[in-house]
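Here are my notes on the model you sent over. Have the viewer open while you read, since I go region by region.

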Amino acid sequence: MASYSPSILIIDDTEANRYAVARILKKNGYITTEARTAAEGIAQIARAAPDLIILDIKLSDKNGFILCAELKADQLTKHIPVMLTSASFVEGRDKAYGLDNGADGYLTTPIDPLELVATVRALLRIREAERNLKETDDRLRLMVESVTDYAIFSIDLDGRVSTWNSGAEHLFGYGESEIIGRDGSILYTPDDRQKDMFRHEIETAGATGRAVDERWHIRKDGRRFFATGIMTPVTDSLGRLVGYTKVSRDITLQKETEAKLQKSQ
């Protein structure tokens, strides 16, 4: 099986710069395409999105900073790493400005071959890791959305519902568009809302790492059902708390059967 060679688009209006960069990259196994202007670069991206873009900040038809910001604002191109290049006399604030506009790297010309290859490899590794993470997230999201026996939903730090799977819609009766952004206490009975049980559950999950509950809940149509559930905190990559996830299951039939058995004894 042939190995995959990443494609790199070089956008630079100086032919010598394009040639020098392309020569280095080709020697290291990369596929390169070239564009002299921003318009040519955009047209090439539309035909076949590259794995990485090397972009000079001084183009004849558009400032490279502006083009970089536009690429990062576009849903179709925002995930493509952009490495800006400029003359060696560029000031430090220009580098900062480029990074503020979404650039993933910044090199000065004439470019050192070793630094170029190392930077390209690093940016491509980052992109590959991000792509793999997104694929994992997409698979997990599809798996969660396909579960109908369990209600699985998330709430933000203010207690508002932020995600809602098909199981939650089946159990509580609310469609996703009806519940997203609403306070999660709407899923609790009036008695439990008065006791602020929803907030108590959040506080317990935040303090201990989980909150287990078995209680009556209320559907959109007003019907009550008994459910068992667990709420756990959700943190980001830096360990900061960003919300909570709740998993619930309807055990009304089990609860009613137990009640009948107790009465018959």
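The points below start with the whole chain and then move through the sheet, a helix, the cores and one proline.

1. **Overall picture.** First, keep in mind that this is a predicted model. The chain holds ten helices and ten strands. Of its 265 residues, 39% are buried. The accessible surface comes to about 15,500 Å², and carbon and sulfur atoms account for 53% of that. If you count contacts with a separation of 6 or more, 49% of them join residues 24 or more positions apart.

2. **The five-stranded sheet.** In what order do the strands of the open sheet run? Reading across, you get β2-β1-β3-β4-β5, with parallel pairing. β2 and β5 (105–109) are the edge strands, each pairing on one side only. From one strand to the next, the twist averages 20 degrees. As a general reminder, strands of a sheet pair through backbone hydrogen bonds, parallel or antiparallel.

3. **Two pairings to check by eye.** β1 and β3 are joined in the parallel sense over four bridges, and Leu9 stands opposite Ile53 in β3. Helix α1 (residues 15–27) packs on this sheet and touches β1, β2 and β3. The direction of α1 makes about 170 degrees with that of β2. Further across, strand β4 (residues 82–87) pairs with β5, again in the parallel sense, over five bridges. Met83 has Gly105 in β5 as its bridge partner.

4. **An edge strand under cover.** Is β5 mostly covered or mostly open? Mostly covered: four of its five residues are buried, although β5 is an edge strand of the sheet.

5. **Helix α2.** Which residues of α2 (residues 38–47) are buried? They are Ala38, Gly41, Gln44 and Ile45. Looking down the axis of α2, these buried residues fall within an arc of 125 degrees, so they line one face of the helix. The cover over them includes β1 (7–11), β2 (31–35), β3 (52–56) and α3 (64–73). On the face turned away from the buried side, α2 carries the exposed residues Ala46 and Arg47.

6. **The largest nonpolar core.** This one has 21 residues, and those with the most contacts inside it are Ile155, Trp164, Phe172, Leu187 and Met231. Two or more residues each come from β6 (151–155), β7 (161–164), α6 (166–172), α9 (197–208) and β9 (224–235). Apart from this core lies another, of 18 residues, among them Ala35, Ile53, Ile80 and Leu84. Ile53 is also the residue that Leu9 stands opposite.

7. **Trp164 up close.** Worth a zoom: what does Trp164 touch, not counting residues up to four places away in sequence? Its partners are Ile152, Phe153, Glu169, Phe172, Tyr174, Gly175, Glu176, Ile179, Ile180 and Leu187. Of these, Phe172 and Leu187 are also listed with Trp164 among the residues with the most contacts inside the largest core.

8. **Pro233.** This proline lies in strand β9, one of the elements that give two or more residues to the largest core. Pro233 is partly exposed, with a relative accessible area of 30%. Neighbours within four places aside, Pro233 is in contact with Ala205, Gly209, Arg210, Leu241, Gly243 and Tyr244. Thr245 is twelve residues from Pro233 along the chain, and their C-alpha atoms are separated by 6.4 Å.

How values were computed: Residues are numbered from 1 along each chain as its sequence is written. This is a predicted model: local features need pLDDT of at least 70, side-chain atom pairs count only at pLDDT 80 or more; totals for chains, interfaces and linings use all residues. Side-chain values use heavy atoms; hydrogens and water are left out. A nonpolar core is a set of buried Ala, Val, Leu, Ile, Met, Phe, Trp, Tyr and Cys residues joined through side-chain atoms within 4.5 Å. Buried means under 20% relative accessible area, exposed over 50%, partly exposed in between (1.4 Å probe, protein chains only). Contact means heavy atoms within 4.5 Å. The arc is that of the directions from the helix axis to the C-beta atoms. Accessible areas come from the Shrake-Rupley method with a 1.4 Å probe; for residues, only the protein chains shown count as cover. Two strands pair if DSSP finds at least two bridges between them. Axes are lines fitted to C-alpha atoms, for helices over the stretch in contact, and angles run from 0 to 180 degrees between N-to-C directions.
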